[in-house]
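Dear colleague,

Please find below the structure that I am handing over to you, followed by an account of what was found in it. I would be grateful if you would read the account with the model open beside it.

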Amino acid sequence: YHLAAGSTSSAAFAVVVGTSVAASRLAEREAVNDAATTTNLLALAVVQPVLQDSLLTGDPAAYAALDQVVRARVLPNGIVRVKLWAPGGRIVYADETRLVGQHFALGEEQRETLAVPQTRAEVSDLDRSENEFERYGGKLLEVYRPVWTPSGSELLFEVYGDYGPVRTRASDVWRGLAGVLASSLLLLLVLMAPIIWR
């Protein structure tokens with residue numbers, strides 16, 4: 001009986017640990033998905049409607065119109081950097097003006113996002129040369145998706161957000177899952193009590 005009880009306890013502990021890790025990952029994934037959804041809304045409802053074709057040729061008026069909207073309606077949403085890329089790797093807009101006009105090689109994921117339109121969210125690799133002005137304040141969440149000018153020219157809309165809200169959202173989701181986990185563990189202990197007692 002002692003052997004059986006010990007074996008059962010170990011199995012229960014393994015289940016709890018495994019469930020805890022899986023729940024934590026699920027919570028973080030849900031939080032990242034929330035950030036991707038917010039970026040989609042900003043891209044389609046806020047940024048794309050003010051894009052002008054002349055932005056691609058460096059027109060100051062087109063840049064100013066976009067910049068005004070970005071600063072008023074995008075950056076206040078926990079965003080610390082906004083970039084618009086031409087497919088060749090040239091930054092045609094950034095709220096950090098020193099980036100505008102610079103060329104960087106697009107990553108494989110960014111190229112795939114332009115080739116097959118989709119939204120991607122990931123923890124940013126701030127070691128890349130394009131992130132010279134984002135290396136402060138810790139971890140950032142990077143979300144990007146394509147947008148189009150009125151004539152159909154494709155651009156990559158990219159935002160960097162503070163990872164803190166993702167961590168907070170993940171924590172909120174985890175607390176909800178923890179209640180379910182605690183109830184399940186309590187039920188398991190009640191069922192195991194007769195075996196442990198013997």
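Two strands are said to pair if DSSP finds at least two bridges between them. On that basis β1 pairs with strand β2 (residues 91-94), since three bridges join the two, and they run antiparallel. Please note that this is a predicted model.

Overall layout

The chain contains four helices and five strands. Along the sequence these elements follow the pattern α-α-β-β-α-β-β-β-α. Of the 198 residues in the chain, 36% are buried.

The strands

Strand β5 (residues 154-162) has two partners. Strand β1 (residues 79-85) is joined to β5 by six bridges, and the two run antiparallel. Strand β4 (residues 140-148) also runs antiparallel to β5, and here nine bridges join the pair. Strand β5 itself is mostly covered, with seven of its nine residues buried. Strand β1 is likewise mostly covered, six of its seven residues being buried.

Several residue pairs will help you to locate these contacts on the screen. Between β1 and β5, Arg81 stands opposite Tyr160, and Trp85 stands opposite Leu156. Trp85 also stands opposite Ile91 in β2. Between β4 and β5, Leu140 stands opposite Asp162.

Two hairpins deserve a mention. Strands β1 and β2 form a hairpin with five residues between them, and Gly89 in the turn has a positive phi of about 100°. The hairpin of β4 and β5 has five residues between its strands, and there Gly152 takes a positive phi near 100°.

Helix α2

Helix α2 (residues 60-74) has 15 residues. From its first C-alpha to its last it reaches 20 Å, close to the 21 Å expected at 1.5 Å a residue. Which residues of α2 are buried? They are Ala62, Tyr63, Leu66, Asp67, Val69, Val70 and Val74. Seen down the axis of α2, these buried residues fall within an arc of 170°, so they line one face of the helix. The face turned away from that buried side carries the exposed residues Pro60, Ala61, Gln68 and Ala72.

In an α-helix there are 3.6 residues a turn, so residues three or four places apart point the same way. A salt bridge within α2 can be read with this spacing in mind. The side chains of Arg71 and Asp67 meet in that salt bridge, at 3.0 Å from N to O. Both residues lie in α2, four residues apart, which is about one turn of the helix. Asp67 counts as buried because its relative accessibility is 15%, under the 20% cut-off. Arg71, by contrast, is partly exposed, with a relative accessible area of 39%.

Other salt bridges

The count of salt bridges comes to four. Among them is the one between the side chains of Arg81 and Asp95, which meet at 2.8 Å from N to O. Arg81 lies in strand β1 and Asp95 in the loop between β2 and α3 (108-115), so the pair ties together parts that are 14 residues apart in sequence. Arg81 and Asp95 are both buried.

Glu112 forms a further salt bridge with Arg120, the closest N and O atoms being 2.6 Å apart. Is Glu112 buried, exposed or partly exposed? At 33% relative accessibility, Glu112 counts as partly exposed.

A nonpolar surface patch

Leu185, Leu188 and Leu189 form a nonpolar patch on the surface. Together these three residues have about 210 Å² of accessible area. Leu185 is found in helix α4 (residues 164-197). With a relative accessibility of 32%, Leu185 counts as partly exposed.

If you wish to follow this account on the model, two places may serve as starting points. One is Arg81, which stands opposite Tyr160 in β5 and forms a salt bridge with Asp95. The other is Asp67, a buried residue of α2 whose side chain meets that of Arg71 in a salt bridge.

With kind regards

Terms used:
Residues are numbered from 1 along each chain as its sequence is written. This is a predicted model: local features need pLDDT of at least 70, side-chain atom pairs count only at pLDDT 80 or more; totals for chains, interfaces and linings use all residues. Side-chain values use heavy atoms; hydrogens and water are left out. Buried means under 20% relative accessible area, exposed over 50%, partly exposed in between (1.4 Å probe, protein chains only). Patches are made of residues with over 30% relative accessible area and no salt bridge: like charges are joined within 9 Å, nonpolar side chains (Val, Leu, Ile, Met, Phe, Trp, Tyr) within 5 Å. Accessible areas come from the Shrake-Rupley method with a 1.4 Å probe; for residues, only the protein chains shown count as cover. The expected span of a helix is 1.5 Å times one less than its number of residues. The arc is that of the directions from the helix axis to the C-beta atoms.
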